[in-house]
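Work through the exercises below with the sequence and the model open side by side. Try each task before reading its solution.

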Amino acid sequence: MNLPFAESFKTKMVEPIRKSTRKEREKWIKEAKYNLFNLKSNQVFIDLLTDSGTGAMSDRQWSEMMLGDESYAGASSYYKLKNAIKEITGFDYFLPTHQGRAAENVLFSVLVKDGDLVPGNSHFDTTKGHIEFRKATAIDCTIDEAFDTIIKHPFKGNLDLVKLETVLKSNPVKKIPLIIVTVTCNSSGGQPVSMQNLKDVKNLADKYGIKVIFDSARFAENAYFIKKREKGYENKTIKEIVKEMFSYADGMTMSSKKDAIVNMGGFIGFREEELFKQASVFNIMFEGFITYGGMSGRDMNALAQGLYEGTEFDYLETRVEQVAYLGKKLDEYGVSVLKPFGGHAIFIDAKRFLPHLPKEEFVAQTLAVELYLEGGVRAVEIGAIMADRDPVSRKNRFPELELIRMAIPRRVYSNNHMDYVAACCANVMERSAEIKTGVKIQKEAPILRHFTVELERI
Ligand code: F0G
């Protein structure tokens, strides 16, 4: 008999979570103005809002916390982290930051100017935000296949080299300070970028003398997919694959809250000393001195350990296969999910789920509310509410896809929890015809409204 899949960890500490009644949830979601961000965490049974900073650290990470050196300058924790980053990514220079968007803020303060263009593969919100904040433009060069939820392309995070070269060819090079490659690509569904594509992008960038920076939040999951899906990498270790991936970048920004399995932290990696020096000025201004940059010594220690653990095959197999486990269950129940399954999350196609609801009634948000009501599961809307209004016309933007994202925290939930989540979705699907109306907006912020929007049921 083939041995079944089993997790590569056992539990040493537990945190109780509480089930609630439907009646309680109806009251709570109403009080939360039908915005799941407004719920208290103890009103949620299974929290799939994000996989960012929600992972469980290992016993080794916790013991590293006790060894943290809290010296303001030159702490041993800084050097421990510096060594880990060099060993895992190959970058000689780095700056610690308090999280991923802080890394973007510091790096872009050096590189991105008014009127610049920054091509990439479906830039993450904060990345785009930091580009647009500087009056520059993010240009999406992701392959077309990424925008189809059904096509089974193994590397839907890939950049389209023709789209990319068109941008590089038709604009002055000095207007394009960098190309951002997000691994895995969160905005297209946690989809990986192939090694070949990373290599091709770097070659093209070199031809024009433009820097390539990886938005690396989920770099290890990307490496796992390369090992599983790309010819020639089957027998390489994750650490070898990661090293090769970063050899095609001039630098990286990192939200350590994802693949480095810590609750807070980030960093920037650099190949050149000059860029590191320029960025150091902004790091000191925004984050802290260059040997701590917004992190405590203990947190840098845990992060260093997390980088080693997060690039172990057994850990990644447990992680990515759990996400796929949920995806397969939903598939069996006939729920329409984005394929192939992403590395960190499963995305449900809300338009196929509630085809009778008009887009003006915020289909994905309605589904997220129903899922919460069904079983206390918290997911996040990736649809018209998140898309905000058009900055000029102030009209609602209605994206092609109305999705809800169920992001799985690392080493936190069991597959029983996944079964529970899938059953909740199946139950909502069964009564979907009874969901006759959606939600409407009562109050909203001018930008990034999904965090604070207040809604009511129609
Ligand atoms: N880049 C990517 C690809 C991300 O997914 C995130 C965060 C960031 C950058 C910013 O990092 O949160 O540490 O400042 N993504 C979270 C999510 C918030 O839920 O997907 P941060």
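The exercises cover domains, cores, salt bridges, a surface patch and backbone geometry in this predicted model.

**Exercise 1. Domains**

Task: State how the chain is divided into domains, and how many residues of each domain are in contact with the other.

Solution:
- Step 1. Mark the domains. Domain 1 covers 22-51 + 313-457, and domain 2 covers 59-310.
- Step 2. Take the centres over C-alpha atoms. They are separated by 27 Å.
- Step 3. Turn to the contacts. On the domain 1 side, 25 residues take part, and they meet 29 residues of domain 2.

**Exercise 2. Nonpolar cores**

Task: Find which residues of the largest nonpolar core touch the most other members. Then say which domains this core draws on.

Solution:
- Step 1. Count the members. The largest nonpolar core has 59 residues.
- Step 2. Pick out the best-connected ones. Ile179, Val181, Leu198, Phe214, Phe219, Met245 and Leu307 touch the most other members.
- Step 3. Assign the core to domains. Domain 1 and domain 2 each supply at least three residues.
- Step 4. Look at Met245 in detail, leaving out residues up to four places away in sequence. Met245 touches Val183, Met195, Leu198, Phe214, Phe219, Asn222, Ala223 and Ile226.
- Step 5. Look for another core. One of 50 residues lies apart from the largest; Ala32, Leu326, Val377 and Ala384 are among its members.

**Exercise 3. A salt bridge between two loops**

Task: Asp259 forms a salt bridge with Arg410. Which parts of the chain does the pair tie together, and is Asp259 buried or exposed?

Solution:
- Step 1. Check the distance. The closest N and O atoms of Asp259 and Arg410 are 3.1 Å apart.
- Step 2. Place both residues. Asp259 sits in the loop between β7 (251-255) and β8 (266-270), and Arg410 in the loop between β12 (403-407) and α15 (415-430). The pair therefore ties together parts that are 151 residues apart in sequence.
- Step 3. Check accessibility. Buried means under 20% relative accessible area. Asp259 has 1%, so it is buried. Arg410 also has 1%, so it is buried.
- Step 4. Widen the view. Asp259 and Arg410 belong to a network of salt bridges that also links Asp51, Arg218, Glu221 and Arg319.

**Exercise 4. Two further salt bridges**

Task: The structure holds 33 salt bridges. Describe the one between Asp92 and Lys86, and the one between Glu273 and Lys277.

Solution:
- Step 1. Start with Asp92 and Lys86. Their side chains meet at 2.7 Å, N to O.
- Step 2. Read their accessibility. Asp92 has a relative accessible area of 39%, so it is partly exposed. Lys86 has 38%, so it is partly exposed.
- Step 3. Move to Glu273 and Lys277. Their closest N and O atoms are 3.6 Å apart.
- Step 4. Place this pair. Glu273 and Lys277 are in helix α10 (residues 273-286); because they are four residues apart, about one helical turn separates them.
- Step 5. Read the accessibility again. Glu273 is partly exposed at 39%, and Lys277 is partly exposed at 47%.

**Exercise 5. A surface patch**

Task: Which residues form a nonpolar patch on the surface?

Solution:
- Step 1. Name the members. Ile447, Leu448 and Phe451 form the patch, with about 300 Å² of accessible area together.
- Step 2. Place two of the members. Ile447 is in the loop between β13 (439-443) and β14 (454-457). Leu448 lies in the loop between β13 and β14.
- Step 3. Classify them. Exposed means over 50% relative accessible area. Ile447 has 61%, so it counts as exposed. Leu448 has 43%, so it is partly exposed.

**Exercise 6. Backbone geometry**

Task: Where are the cis peptide bonds at Thr184 and Pro340, and what is the phi of Arg411 and of Leu448?

Solution:
- Step 1. Recall the usual case. Most residues other than glycine have a negative phi, and most peptide bonds are trans.
- Step 2. Check the bond from Val183 to Thr184. It is cis, with omega near -20 degrees. Thr184 is in the loop between β5 (178-182) and α7 (195-208).
- Step 3. Check the bond from Lys339 to Pro340. It is cis, with omega near -5 degrees. Pro340 is in the loop between α12 (313-332) and β9 (345-349).
- Step 4. Turn to phi. Arg411, not a glycine, has a positive phi of about 60 degrees. Arg411 lies in the loop between β12 and α15.
- Step 5. Finish with Leu448. Its phi is positive, at about 50 degrees, although Leu448 is not a glycine.

Key: Residues are numbered from 1 along each chain as its sequence is written. This is a predicted model: local features need pLDDT of at least 70, side-chain atom pairs count only at pLDDT 80 or more; totals for chains, interfaces and linings use all residues. Side-chain values use heavy atoms; hydrogens and water are left out. A nonpolar core is a set of buried Ala, Val, Leu, Ile, Met, Phe, Trp, Tyr and Cys residues joined through side-chain atoms within 4.5 Å. Buried means under 20% relative accessible area, exposed over 50%, partly exposed in between (1.4 Å probe, protein chains only). Domain bounds come from an automatic or database domain assignment. Contact means heavy atoms within 4.5 Å. Patches are made of residues with over 30% relative accessible area and no salt bridge: like charges are joined within 9 Å, nonpolar side chains (Val, Leu, Ile, Met, Phe, Trp, Tyr) within 5 Å. Accessible areas come from the Shrake-Rupley method with a 1.4 Å probe; for residues, only the protein chains shown count as cover. A salt bridge is a side-chain nitrogen of Lys or Arg within 4 Å of a carboxyl oxygen of Asp or Glu.
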